[in-house]
Amino acid sequence: MAIVGGGYVGLTTAACLSDLGNEVVVLDIDASKVEQLRRHRIHFYEPGLQEVVERNTRAGRLSFTTSYDEAIPGAEFAFLAVSTPEGEGGQADVSAVEKAARSIAEAMDGPLIVVNKSTVPIGTGDLVSEIVARHNEDHKAQVVSNPEFLREGSALQDFMNPDRVVIGAHERSVAELVAKLYEPLEAPILLTDIYTAEMIKYASNAFLATRISFINEIARIAERVNADVKVVAEGMGLDRRIGSHYLDAGIGYGGSCFPKDVKALAAIAEQYDYHPELLTAVIDINRDQRLVVVDKLEDCLGKLSGQVIGLLGLSFKPNTDDMREAPSIDIARILLARGANVRAYDPAAIEKARAILPEVDFLPDPYSVAEGADALIVVTEWNEFRNLDLVRIKRLMGRPVLIDGRNIYDPADMRERGFVYRGIGRN
Ligand code: NAD
């Protein structure tokens, strides 16, 4: 089988499917990534992936190419895992999917099942079928939607132990062939039509993003009425009808999926003459949530001009180096625009952040960031920030102001230690 796109989703899919005994070729148009992969070097940070890629490459089950003519002929399945970034007006940009579909068609030498893992607007599966039919009159491709639900940072674990596998196709027999590939995972498999499968992915991400914006709105209210949002979320989460996931108040969601997917779903709705009020509110609340930490900072420091502000964490969430739509980018840019000197540390994302935020000073550890700083902001809740030597941090800082954008510290404890502390949704 071929996996088209060797990024977070494609490479994880390839690593796991080859680990299950399949022969897998990963195809990426980026020659430098392919070259690195051939030398067992992965161009992004994902815990455990390196080992699985290396093991299966050495076993001869996993290989890498830039050539469709090498990857597609003879393959029974071609998975699509190319990027679908935010396009104009919030719509998903599916140009990479279209290009890949055309290249697949031109290389096909027999019938093929195209399994789409990219997150795409409803109807894109049909578009892929049309493109393949237009560019290959001799052989037919059946297109299946198989959205991916893995999370960066726990991608392997999520792929191998999914809550469910969703497979949508016009013909059930084709969906069943794809389902067979997932049988070893012993997970619930939902077979449905292709439009519903495509919609399940957007609806799932939009729902999770809604929970985050919901709890952030509750946080804003909690702060005003002297309630503690962390305990509120705990109290809510113990209700089995609600559950505790995705109820952490903070700086809001970021990353390569939630921001673009909620906007894409809203754009789809508008395209069909429906104004999605709830999704619009989710997007607006999330956009403003990034400013909350800056407001708190100004509240503590007064003017930001000339102040030294340290950011702890840059990636959009822990255990990844992914900087796509990371709240740290907006926060750093606002601080810089207001005249602050910004410095930062992240355990994995500094290399990627350097290219995006050239005016930020990147330092090798949290203590160097604290040295002489007027304030620190916890932007990403990496575990290593939970157990910092806070006595040392306070001693190093110019002023002991700590804005905890992820509520990882206890407010009473921090005040006892002499910090000027502000969390989110708790006083
Ligand atoms: P990515 O940017 O990490 O990887 C995409 C890869 O596709 C890149 O390496 C790129 O070079 C390659 N590519 C682009 N055009 C190509 C073409 N025509 N032929 C071959 N290769 C091509 O993206 P990702 O994060 O893996 O996301 C892929 C898709 O999966 C997106 O639609 C995304 O929304 C979805 N998704 C992502 C995640 C996640 O956590 N990252 C989770 C679930 C679903």
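1. A residue counts as near the ligand here if one of its heavy atoms lies within 4 Å of it. With that in mind, a few friendly notes on this predicted model. There are 28 residues around the ligand, and Asp28, Tyr68, Thr84, Glu152 and Lys260 come nearest.

2. What is the make-up of that shell by class? Around the ligand there are 12 nonpolar residues, together with eight polar and eight charged ones. Two helices are worth a look in your viewer: H1 (8–19) and H5 (95–107) each give at least two residues to the shell.

3. Which protein atoms approach the ligand's oxygen atoms? Aspartate 28 places a polar side-chain atom 2.6 Å from an oxygen atom of the ligand. Valine 9 takes part through its backbone, with a polar atom 2.8 Å from a ligand oxygen. Threonine 119 also uses a backbone N or O atom, at 2.9 Å from an oxygen atom of the ligand. As for cover, the ligand taken alone exposes 830 Å², and the protein buries 92% of that.

4. Now to the sheets. One is open and has eight strands, ordered S3-S2-S1-S4-S5-S6-S7-S8, with mixed pairing. Its edges are strand S3 (62–65) and strand S8 (189–192); each has a single partner strand, so one side of each lacks a neighbour in the sheet. On average, neighbouring strands in this sheet are turned by 25 degrees against each other, direction ignored.

5. Within that sheet, strand S1 (residues 2–4) pairs with strand S2 (residues 24–27) in the parallel sense, over three bridges. Isoleucine 3 has valine 26 in S2 as its bridge partner. Helix H1 lies across S1, S2, S3 and strand S4 (77–80), and runs at about 170 degrees to S2. H1 is also one of the helices that supply residues to the ligand shell.

6. A further open sheet has six strands in the order S11-S10-S9-S12-S13-S14, and here the pairing is parallel. Strand S11 (361–362) and strand S14 (420–422) are at the edges with a single partner strand each, so one side of each is left without a neighbour in the sheet.

7. Where do S9 and S12 meet? Strand S9 (residues 308–312) and strand S12 (residues 375–378) pair in the parallel sense over four bridges, and leucine 312 stands opposite valine 378 in S12. Helix H13 (residues 327–337) packs on this sheet, where H13 touches S9, strand S10 (341–345) and S12; the direction of H13 makes about 180 degrees with that of S9.

8. Finally, helix H12 (residues 277–301) lies across S9, S12, strand S13 (401–404) and S14, and runs at about 160 degrees to S13.

Definitions and conventions
Residues numbered from 1 in each chain as written. Predicted model: local features only at pLDDT ≥ 70, side-chain atom pairs only at ≥ 80, totals over all residues. Heavy atoms only, no water. Pairing = 2+ DSSP bridges. Contact = heavy atoms within 4.5 Å. Axes fitted to C-alpha atoms, helices over the stretch in contact; angles between N-to-C directions. Polar contact = N/O pair within 3.5 Å; in protein donor to acceptor, adjacent residues only side chain to side chain. Areas by Shrake-Rupley, 256 points an atom, 1.4 Å probe, with all protein chains shown as cover. Nonpolar A, V, L, I, M, F, W, Y, C, P; charged D, E, K, R; others polar.
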